[in-house]
Amino acid sequence: MNSSPSASSTLSSKANRDLFDQSALSDLAQRLVEAAKRAGADAADAVAVRGISQGVEVRDGRVEESERSEGDDVGLRVLVGQRQAVVSTNDASGDAVTKLAERAVAMARVAPDDKFVGLADPALLARDFPDLDLLDPDVPATSELERRALEAEAAALAVKGVSKSGGASASSGMGGMVLVTSTGFHGSYLRSSQGISATAIVGEGTGMERDYDFTSAPHAADLLSPEAVGRSAGERTVARYNPRKVETCKVPVVFDPRVAGSLVGHVVGAINGASIARKTSFLKDKLGQQLFSNNIRIIDDPLRKRGLRSQTFDAEGVAVKRIALVDEGVLTTWLLDCATARELGLTTTGHAHRGVSSSPSPGPYNLHLEAGTPTPAELISDISQGFYVTDLIGSGVNGVTGDYSRGASGFWIENGELTYPVSEVTIAGHLFEIFKSMQPANNLEFRYGINAPTVRIEGLTLGGR
């Protein structure tokens, strides 16, 4: 079984063609699996990972840092009976492949038995590899990254009220994986990444405020312009100037799209199969139950074209698919790899992720909360007193109990309007109550790995002065 990188355009140079060519990695992964079998493994799989990144950081119109890194790493997992070992290297010269395989098999023979380990059922392996258009064939030069960063910074500084730059950056990179298994699977993918960010500062000394914005995408054509990123960073910063404190109260809280995705992240973290198997999730007994209003759908879509986390197979070679994790408010599934699925008596959902030095574990792809019908303005129009969150601080969420408490800043809502900036408050509640009252607006955009529209939550406690 084979797949190929999603590049339909003519490659810009021989150097780029070499970067995009994974044939040597494929051969290496195949040789590792064969060597493991010769060394006595009952089963084996190998992953070869390519990582390339370059970035430029600027401040006050000058380049502060410019760096580039490239590397290929390979990992081998072997199974001897119900025993497993994982080894990795970035050196495949000489007889390193044979030695690595022999060392892995020797480690597996003295590892403890684990009745849940094993390769994926061949019937579940991916056979179709749709073109997801993940690879931008035009790799930007360092000079182009400098231009993007400098233009973003200049746009931030041009916003009236901005006093200084917090810096700007531009980056590009590429990540790819080859997976070969002893059951006959052979798949590969490459995904490019590009980004621009800017930070602006307003005020001086203890009265200083800062904010930022950024854009990221596999293709340069899908990025916001440097000017748009810088201008947004500047405008966000100026809006935060001279924040006030508020009294402790219980009010509706509205999450800006930039932070609303964190609520989706809490759902997904709690339905990870590893947490369910360990019984360390507050949702461990909630599969098939109504946790949200019936208009709530949370989607994981690994097959979205040009998605930041898109791919056609998981780290065990299992076919992936678009799935509603929450459908009409009902929790429909756990996120499972093969091992956690076996432990729970279920079938993998194709959510295995893996590095070269670790065994597979479950995780999501491109997540989003589907949009609702009200506009953001309509969502807050009936709030006499409330809080609009634009920034969250800390990670005070307990995945075992569902207790929620996070530092936040944003804007006070009064009579349906955003009024003055607010900082140094805490929002607290319980995730069950948060899920139950979640109301999404209609302004969903796909900008991040987890995307959500503006979201309203009822009756959270706002801890102020």
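Ile-427 makes a good starting point in this predicted model. Setting aside neighbours within four places in sequence, Ile-427 is in contact with Val-253, Phe-255, Phe-387, Val-389 and Leu-392, and also with Tyr-404, Ser-405, Arg-406, Ala-408, Thr-461 and Leu-462. Two of those partners turn up again in the largest nonpolar core, which has 48 residues: Phe-255, Phe-387 and Ile-427 are the members that touch the most others there. As for secondary structure, helix α6 (residues 257–270) is the top contributor to this core, supplying seven residues. There is also a second core, separate from that one, with 25 residues, among them Leu-28, Ala-36, Val-78 and Val-180.

Two annotated domains come next. According to UniProt (unreviewed entry), residues 248–464 carry the feature "domain: Metalloprotease TldD/E C-terminal". In the model, this span is 18% helix and 33% strand, and its end C-alpha atoms sit 5 Å apart. The same record type, again an unreviewed UniProt entry, assigns "domain: Metalloprotease TldD/E N-terminal" to residues 44–108. Here the chain is 20% helix and 65% strand, with 11 Å between the end C-alpha atoms.

Helix α3 (residues 96–109) is worth a look of its own. With 14 residues at 1.5 Å a residue, α3 should span 20 Å, and its end C-alpha atoms are indeed 20 Å apart, so expectation and model agree. Which residues of α3 are buried? They are Ala-96, Val-97, Leu-100, Ala-101, Ala-104, Val-105 and Ala-108. Because these residues cover an arc of only 165° around the axis, they fall on the same side of α3. The cover over the buried residues of α3 includes α2 (23–38), β2 (62–80) and β3 (83–89).

Lys-99, another α3 position, brings in the charged side chains. Lys-99 forms a salt bridge with Asp-95, with 3.7 Å between the closest N and O atoms. Lys-99 counts as exposed because its relative accessibility is 52%, above the 50% cut-off. Asp-95, at 45% relative accessibility, is therefore only partly exposed.

Across the whole structure, a search turns up 27 salt bridges. Side chains of opposite charge can pair when their charged atoms come close. In helix α4 (residues 142–157), Glu-144 does this with two arginines. Its side chain meets that of Arg-147 at 2.7 Å, N to O, while the salt bridge from Arg-148 to Glu-144 has its closest N and O atoms 2.9 Å apart.

Why can Glu-144 reach both? An α-helix has 3.6 residues a turn, so residues three or four places apart point the same way. Arg-147 and Glu-144 are three residues apart in α4, and so are separated by about one helical turn. Arg-148 and Glu-144 are four residues apart in the helix, which again means a separation of about one helical turn. The three residues vary in how much of their surface is accessible: Arg-147 is partly exposed, with a relative accessible area of 35%, and Glu-144 is partly exposed at 23%, whereas Arg-148 counts as buried at 9%. Elsewhere, salt bridges that share partners link Glu-209, Asp-211, Arg-240, Arg-258 and Asp-391 into one network.

How values were computed
Residues are numbered from 1 along each chain as its sequence is written. This is a predicted model: local features need pLDDT of at least 70, side-chain atom pairs count only at pLDDT 80 or more; totals for chains, interfaces and linings use all residues. Side-chain values use heavy atoms; hydrogens and water are left out. A nonpolar core is a set of buried Ala, Val, Leu, Ile, Met, Phe, Trp, Tyr and Cys residues joined through side-chain atoms within 4.5 Å. Buried means under 20% relative accessible area, exposed over 50%, partly exposed in between (1.4 Å probe, protein chains only). Contact means heavy atoms within 4.5 Å. UniProt positions are given in the numbering used here, feature names are shortened, and annotations may be inferred rather than shown by experiment. A salt bridge is a side-chain nitrogen of Lys or Arg within 4 Å of a carboxyl oxygen of Asp or Glu. The expected span of a helix is 1.5 Å times one less than its number of residues. The arc is that of the directions from the helix axis to the C-beta atoms.
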